[in-house]
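Please work through the exercises below with the sequence and the coordinates at hand, and try each task before reading its solution.

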Amino acid sequence: MYRDTHSKIIGYCLWIFGFMGAHRFYYGRQITGTIWFFTLGLFFIGWIIDLFLIPGMDRDADLRYRSGPTDYNIAWILLTFLGIFGLHRFYLGKWITGILYLFTAGLFGLGILYDFWTLNGQVSTKNMMQGSL
């Protein structure tokens, strides 16, 4: 059964900020996302190549992560653009850390980087828990 958990449109929108690795984190490529983050998309060369790799990354992410009522796209948009306020944490029902992020600018930015690494897993776990209720 095919599960469309991630969107190519969101992937390409995040690619615009790809020199920071946002699209790679979105598709579950944490290690290369971190490399892109610290090297500005492999000095913009890897960023340009990724323009053509996004469809494959999207297909892999759709197979890897669990679909459900919590939407990956909404969570990633909230993290990428409003993560400093913790809105993605509120969306996932993590109210305490959401409030903590709100008052500490995303735990001084380190919490946001942590969430770039783990958000797909957090959403997948939440979808799994909601599916077993």
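The exercises that follow concern backbone angles, exposure and a surface patch in a predicted model.

**Exercise 1.** Determine the sign of phi at Ala-105, and decide whether Ala-105 counts as buried, partly exposed or exposed.

Solution. Begin with the general expectation that most residues other than glycine have a negative phi. Ala-105 is not a glycine, and yet its phi is positive, at about 55°. Next, place the residue: Ala-105 belongs to helix α7, which covers residues 95–108. Finally, partly exposed is the class between under 20% and over 50% relative accessible area, and Ala-105 falls into it because its relative accessibility is 33%.

**Exercise 2.** Carry out the analysis for Phe-108, asking what its phi is and how exposed it is.

Solution. The phi of Phe-108 is positive, about 60°, although this residue is not a glycine either. Phe-108 is also part of helix α7. Its relative accessible area is 70%, and therefore Phe-108 is classed as exposed.

**Exercise 3.** Identify which helices each supply at least two residues of the nonpolar surface patch, and characterise Phe-81.

Solution. First, list the members: the patch includes Ile-16, Phe-17, Ile-77, Phe-81, Leu-82, Ile-99, Leu-102 and Phe-103, among others, and its residues together have about 980 Å² of accessible area. Second, assign the helices: α5, spanning 72–82, and α7 each contribute at least two residues. Third, turn to Phe-81, which sits in helix α5 and is partly exposed because its relative accessible area is 45%.

Conventions
Residues numbered from 1 in each chain as written. Predicted model: local features only at pLDDT ≥ 70, side-chain atom pairs only at ≥ 80, totals over all residues. Heavy atoms only, no water. Helix = DSSP H or I, 4+ residues; strand = E, 2+ residues; numbered from the N terminus. Buried < 20%, exposed > 50% of the residue type's maximum accessible area, 1.4 Å probe, protein only. Patch = residues over 30% accessible without salt bridge, like charges linked within 9 Å, V, L, I, M, F, W, Y side chains within 5 Å. Areas by Shrake-Rupley, 256 points an atom, 1.4 Å probe, with all protein chains shown as cover. Salt bridge = Lys/Arg side-chain N within 4 Å of Asp/Glu carboxyl O.
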